[in-house]
Amino acid sequence: QVHLVESGGGSVQPGGSLTVSCVASGNIFHINVVNWYRQAPGEQRELVAAITDVGNRNYSDSVKGRFAIYRDGTKNTVYLQMNSLKPEDTAVYYCNANILRRGSYLPNNYWGQGTQVTVSS
């Protein structure tokens with residue numbers, strides 16, 4: 001079994017910074033790509049950042065230049081550093097990863113439970 005656990009969410013004022021993390025644990029052989037999604041109330045889930053196993057990164061236009069995704073491979077942890085936060089960044093942030101388990105031939109997608117980020121004055 002594989003588990004993803006997010007942490008680090010909270011409340012911050014506009015212009016502030018916050019870093020959320022995603023820890024993968026369990027019977028993991030290899031993590032291919034890790035994505036951060038977010039979902040605001042009444043909105044569809046949106047992909048905001050992604051990082052591959054070789055370190056390639058992609059960002060949505062709405063966060064480019066403000067957010068940074070990076071990983072610590074030794075700890076199976078991916079971080080999303082969020083700077084210059086705006087009220088429209090308020091959402092539940094979800095970690096999603098494509099992971100190959102030991103003994104499996106094909107990878108699967110896994111989701112964390114989400115962590116709330118609120119940007120408000």
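**Salt bridges in the predicted model**

I began with Lys64 and Asp61, whose side chains meet in a salt bridge at 3.4 Å, N to O. The model is a predicted one, and I read each entry below with that in mind.

I then looked up the accessibility of Asp61. Its relative accessibility is 68%, so Asp61 counts as exposed, the cut-off being over 50%.

I counted the salt bridges under the distance criterion and arrived at four.

I turned next to Arg66. Arg66 forms a salt bridge with Asp89, and the closest N and O atoms are 2.8 Å apart. I noted where the two residues lie: Arg66 is in the loop between strand S6 (57-59) and strand S7 (67-72), while Asp89 is in the loop between strand S8 (77-82) and strand S9 (91-101). The pair thus links distant parts of the chain, 23 residues apart. I recorded both Arg66 and Asp89 as buried.

I asked which residues are joined with Arg66 and Asp89 into one network by salt bridges that share partners. I found Arg38 and Glu46 to be the residues joined with them.

I examined the pair Arg38 and Glu46 directly. Their side chains meet in a salt bridge at 2.9 Å, N to O. Is Arg38 buried or exposed? Arg38 has a relative accessible area of 7% and is therefore buried, the cut-off being under 20%. Glu46 has a relative accessible area of 29%, so I entered Glu46 as partly exposed.

Definitions and conventions:
Residues numbered from 1 in each chain as written. Predicted model: local features only at pLDDT ≥ 70, side-chain atom pairs only at ≥ 80, totals over all residues. Heavy atoms only, no water. Buried < 20%, exposed > 50% of the residue type's maximum accessible area, 1.4 Å probe, protein only. Helix = DSSP H or I, 4+ residues; strand = E, 2+ residues; numbered from the N terminus.
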